[in-house]
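Q: Could you take me on a close look at one part of this structure, the sheet in the second chain, and then show me what else stands out around it?

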Amino acid sequence: MTLDYLSVQSILALDCGSTATQAMLIDRVDAEYRLVARTETPSTVEPPWNDLMASVRQAIMQISEITGLPLLNRQGQIITPQQQSGGVDALVVITSASPPLRLLLAGVMRDISLDSARRALSNTYATVEGLVSLGRRVEGEGSTNDDFQGQVELFLELKPDAVVIVGGIDGGASRPVLQAAEAVAIASSAMAQADRPPIVYAGNADLRSEVAEIIGAEAELRAIDNVRPSLDLENPGPLQIELEELYRQRKMGRLPGFGTLASWSSVPVLPAAKAHAYTIQYLSNLDGINVLGVDVGGGTSTMTSMVDNHLELAIRSDLGMSYNAARLLAQVPSKSISRWLPFEIEPAEIRNILHNKAVHYRTLPQTREELLLEQAVAREILRLLLRDMMPRWTDGASRLYPDLLPKFHLIAGGGGVLANAPTYGQAALMLLDALQPVGVTGLVLDKLRLLAPLAAVAMLNPLAAAQVTEQDALQNLGTVVAPVGTAREGEVALTFKIDYDDGRSLEVEVPYGSLEVIPLATGQTADLELRPTRRFDVGLGVRGQAGTTKVEGGVLGIIIDARGRPLPMAQDPAEQRERIQRWLWDMGS
Amino acid sequence: MYYPVASRIAAQTTVRRERLLPAPGQVLVGPGEMVGPADVVARCQLPGEVKALDVCRAMGIPRSRVAKYVRRSVGDAVQANDLLASPRGMFSRFRKGCRSPVDGEVIEIRDGLILIESAATTFELRAHVRGEVTNVMPNRGVVVSVSGALIQGMWGSGGEAEGVLKMLVDSPQKPLRGRAIDVSCHGTIVAGGWIFDESVFEQAVEARVRGIIVGGMDAELRPSLQSLPFPVMLTDGFGATAMAQPAFALLQSNMGREALLSADTRTRRDARRPEVLIPLRNGHDASEGGPGILALEVGAQVRALRAPYLGNVGTVVDLPAQPRRIESGARLPVAVVELYDGKQVSIPLANLELIH
């Protein structure tokens, strides 16, 4: 269906997650597109419903209750285009309800193509369940060494959704690549025809015909461009596109009820992480700024960055706040979680709470202790995403310090744990503690979880998406100023002067180790003069250099985070708990 | 209207349980037949496991020369320890051959790798429950209906078991300790408040119990369960969590009766809850009435799924129209629940499970 976007006045956007389904109605209000109503209901993709459409219809009916506008007909079908009696002009959908693709990755030992493939895969809804690396033992991930028999057995044991073979630059190594293909072909031959996973070959292009010959009729082969065509060139695009296609076909397409939902949608259904990335890219391009978007979801967490016009996306389908909650414990020790808590807690208690959360993944923390524990988990999820992302940010104008975050002008936080934090101070503190921005950065919250669905809206009506993004999508928390440097606790790190629009001004000395919030209301701006002492840099790349900037207010205002970068953590757990409590108080929590 | 997750703790109900083969096969019973837990209701052939054998590696020969050492062809039947490849020539007695690890059939020989599919095995599907076959799905399995008490749990693992029910504590708050399990527990399914420590498993293995039902258990013990020869079910969750009073009372009142425990749990898609079923021939039958999707209403019996009321059971006395601020500081839709001790508390709707 092709729609002229000017004829599309009302749009219903649906976000079908694994735990929640959202419906958002966008319509023209006066001369602008605005968010008119938004509803959320628990997803019904699982038993006893086993049908995505049950929660979709419930969320839509709730929109009808709010607006008084019937959107479904008596048969439960969407009414489109909008008529006098009800309906909408168009409907768009994003989803993250499908499980990720389970992959077996086969490559050549010590070959940089394996790293390239991993980077490409981290950009998709896929998890590497097994690694066949010829020639050396790689710890973890069920990897094998140069062991033909082991490779075949690993393949048969894992029964992956797809196999990715990489290896060798174009014109480079051949024997190990062909051996990997042999192992995959032999293992495929031992499986029933219907169970054989497709094989994606993204290795040495010169070997394509030989690989095709080896695989033969044993399995479906998809040969694409080399993920690492030369030593100095990485080409992740074709592999990512191929895996996205597989994800759409084999995961999204098999969600119960997906067929009906897709037939309602005016544009192809978008995976939520991709949609989120598109909007972050839009925000970056809009003002020519560096933007970091994070989303800590129920089953999947993502980080999207636009640094110096370069997009990077990291998807972790194994990290989330609901049924994946306990999986975090396999990646970080419990003390990494408890270091973010202002109270003492036994590792066993953390483990039990997270395992219970994994079983009852729709539950919400009722006590302050469990709320802060979930916020601590979110910090660690963000730290792991950051660890994935760090090597991808290349040195450049925005990468002032190799071990710290590049300079971002804007950080957008999203996902239930951030969006539903009882106080804005808690949401801001999660972002500051986990990401540790440097210099001057705006903080916004995707409180209504609109950023990702708006990318799907933009495919249909870019004007509507742009206007809703500007007016309704983001809750401005404020601006953070974070000097980089170290000193003794209490020593002056910087002096700053605020000149408010109404002529008032304020000058404050900020001691190292402090976290302060200076109110500046949403919609107000102020001129900020920053004069760091000689050991501190306020994001200009030079210690001691003063600067001025115009900052926007927010629900919190201006946050001066002089706690140091990287954020110092006390060795003594009691002292660390005291610090965390102080930081929570400083942020009004 | 809010539709919470639901759980069954019923003194007398009729349940229908699908018993399905893992592969197409033959159903051995017909509609109306009465079956017992150990009765085989269907049977199928399961393909054998595929074993890979790297001849080059085993014999230390290059892949390019391996063909002349292989002595078997695709399609050959082999028995465990049969010679698959062996050296030839004057030095043959100094080099070891390569033998089949299993009985089976050679299904592939390629590049020095031999794949052997072990012989197919017969899978026999037992009824697991005592009841009447009410539906037959040709080649796939049956539905067995059974009347009795039913308790659905939160988590479990270890498959299925049948045994006489034995409660080893007199209060749901009391832990199940290893020393409480003795020879008198042989062949029984034992129950207690919560698992005190790993010694419970050691004693249970020694006493040859058939299963364990408790309110809670430390999540750290999860890996230990994998090696146990019997299933374990948690009725309420991880941690030193007492068993919910209605579940405890029901188990206690059925001590000495045959119980059927299905502990395997799956969350999300293909979700499956662990359960214990106690077949009862007499009494009023309240009927399960299908899985049902029930709305939360005043008067409903509920169980709290999170602290500070985790495991507490009570009755909904009010469903406020507006969200309320709770201890965490968040404003959430809540239900006012009267707990067993008469105390009324507000619990977020998301943290409630309907018991029916």
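**A close look at the sheet**

A: Happy to! In this predicted model, strand 23 (residues 301-304) and strand 24 (residues 313-318) of chain B run antiparallel and are joined by three bridges. Within that pairing, Val302(B) has Gly314(B) of strand 24 as its bridge partner. Both strands belong to an open sheet of six strands in chain B, ordered 1-29-23-24-27-28, and the pairing across the sheet is mixed. Strand 1 (5-7) and strand 28 (344-348) of chain B form the edges, each pairing on one side only. From one strand to the next, the twist averages 45°.

Now for the contact between the chains. Chain B brings 39 residues to this contact and chain A brings 32. On the chain A side, helix 3 (148-158), helix 4 (175-189), helix 10 (347-359) and helix 11 (368-389) each supply at least two residues. Helix 10 of chain A gives the largest share of that side, with six residues. By character, the chain A side divides into 14 nonpolar, eleven polar and seven charged residues.

Helix 11 of chain A also has a packing partner within its own chain: helix 13 (residues 424-435) of chain A packs against helix 11 at an angle of about 35°, with the axes 9 Å apart. Their crossing is right-handed. Among the residues that meet here are Ala378(A), Arg379(A) and Leu382(A) from helix 11, and Met430(A), Asp433(A) and Leu435(A) from helix 13. The residues of this helix contact divide into six nonpolar, two polar and three charged.

Key:
Residues numbered from 1 in each chain as written. Chains lettered and ligands numbered in written order. Predicted model: local features only at pLDDT ≥ 70, side-chain atom pairs only at ≥ 80, totals over all residues. Contact = placed C-beta atoms within 7 Å. Helix = DSSP H or I, 4+ residues; strand = E, 2+ residues; numbered from the N terminus. Nonpolar A, V, L, I, M, F, W, Y, C, P; charged D, E, K, R; others polar. Pairing = 2+ DSSP bridges. Axes fitted to C-alpha atoms, helices over the stretch in contact; angles between N-to-C directions. Left-handed = near helix turned anticlockwise from the far one by under 90°.
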